[in-house]
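The following exercises concern a single protein chain. Each task is followed by a solution set out in steps.

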Amino acid sequence: RYTYDKWGGTCRVEVFLMNVKEVLDDWPEADMRTREWVSVSTAARRVREIELKRLIQRVPELLRGGG
């Protein structure tokens, strides 16, 4: 969990790991967002929110059961 300021307010974010079993060619937000599978290090470099960056960097540890 983390919070950040946006549009004059505070956004509260809760992040969950997901085990992806199927990837659809089309999804509800496909016209607004692109999907790209990247490494943990690339994902962490791409985000601006420092708290989210830290969470992403912990993914390998969490997958090993260390979190």
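**Exercise 1. Confidence of the model**

Determine where in the chain confidence is lowest and where it is highest.

Solution. The structure is a predicted model. Step 1: the lowest confidence belongs to strand 1 (residues 2-6), with a mean of 86. Step 2: the highest belongs to helix 1 (residues 40-46), at 96. Step 3: for the chain, the mean pLDDT is 90, and 97% of its residues reach 70 or more.

**Exercise 2. The nonpolar core**

Identify the residues of the largest nonpolar core, then find the contacts that Val-47 makes beyond its neighbours within four places in sequence.

Solution. Step 1: five residues make up the largest nonpolar core, namely Tyr-2, Ala-44, Val-47, Leu-52 and Ile-56. Step 2: with neighbours within four places in sequence set aside, Val-47 is in contact with Leu-52, Lys-53 and Ile-56. Step 3: Leu-52 and Ile-56 are also listed among the core residues. As background, nonpolar side chains in soluble globular proteins tend to be buried together.

**Exercise 3. The largest pocket**

Describe the volume and the lining of the largest pocket.

Solution. Step 1: the largest pocket holds about 1600 Å³ of space. Step 2: its lining comprises 26 residues, and those nearest the centre are Val-15, Phe-16, Met-18, Ala-43 and Ile-56. Step 3: sorted by class, the lining has 17 nonpolar, two polar and seven charged residues. Step 4: at least two lining residues come from each of helix 1, helix 2 (50-57) and helix 3 (59-63). Ile-56 thus appears both in this lining and in the largest nonpolar core.

**Exercise 4. Trp-7**

Is Trp-7 buried or exposed?

Solution. Step 1: locate Trp-7, which sits in the loop between strand 1 and strand 2 (9-13). Step 2: the relative accessibility of Trp-7 is 78%; because the cut-off for exposed is over 50%, Trp-7 counts as exposed. Step 3: its backbone phi is near 55°, a positive value in a residue other than glycine.

**Exercise 5. Leu-55**

Classify the accessibility of Leu-55 and trace its contacts beyond neighbours within four places in sequence.

Solution. Step 1: Leu-55 belongs to helix 2. Step 2: its relative accessible area is 22%; since buried requires under 20% and exposed over 50%, Leu-55 is partly exposed. Step 3: leaving aside neighbours within four places in sequence, Leu-55 is in contact with Arg-1, Tyr-2 and Val-15. Step 4: Leu-55 and Thr-3 are 52 residues apart in sequence, and their C-alpha atoms are 12 Å apart in space.

Technical notes:
Residues numbered from 1 in each chain as written. Predicted model: local features only at pLDDT ≥ 70, side-chain atom pairs only at ≥ 80, totals over all residues. Heavy atoms only, no water. pLDDT = per-residue confidence, 0-100. Helix = DSSP H or I, 4+ residues; strand = E, 2+ residues; numbered from the N terminus. Core = buried A, V, L, I, M, F, W, Y, C linked by side-chain atoms within 4.5 Å. Buried < 20%, exposed > 50% of the residue type's maximum accessible area, 1.4 Å probe, protein only. Contact = heavy atoms within 4.5 Å. 1 Å grid on protein atoms, 1.4 Å probe; cavity = no way out; pocket = protein on both sides within 12 Å on 5 of 7 lines; lining within 4 Å. Points joined across faces, edges and corners; volume = space filled by probe spheres on them. Nonpolar A, V, L, I, M, F, W, Y, C, P; charged D, E, K, R; others polar.
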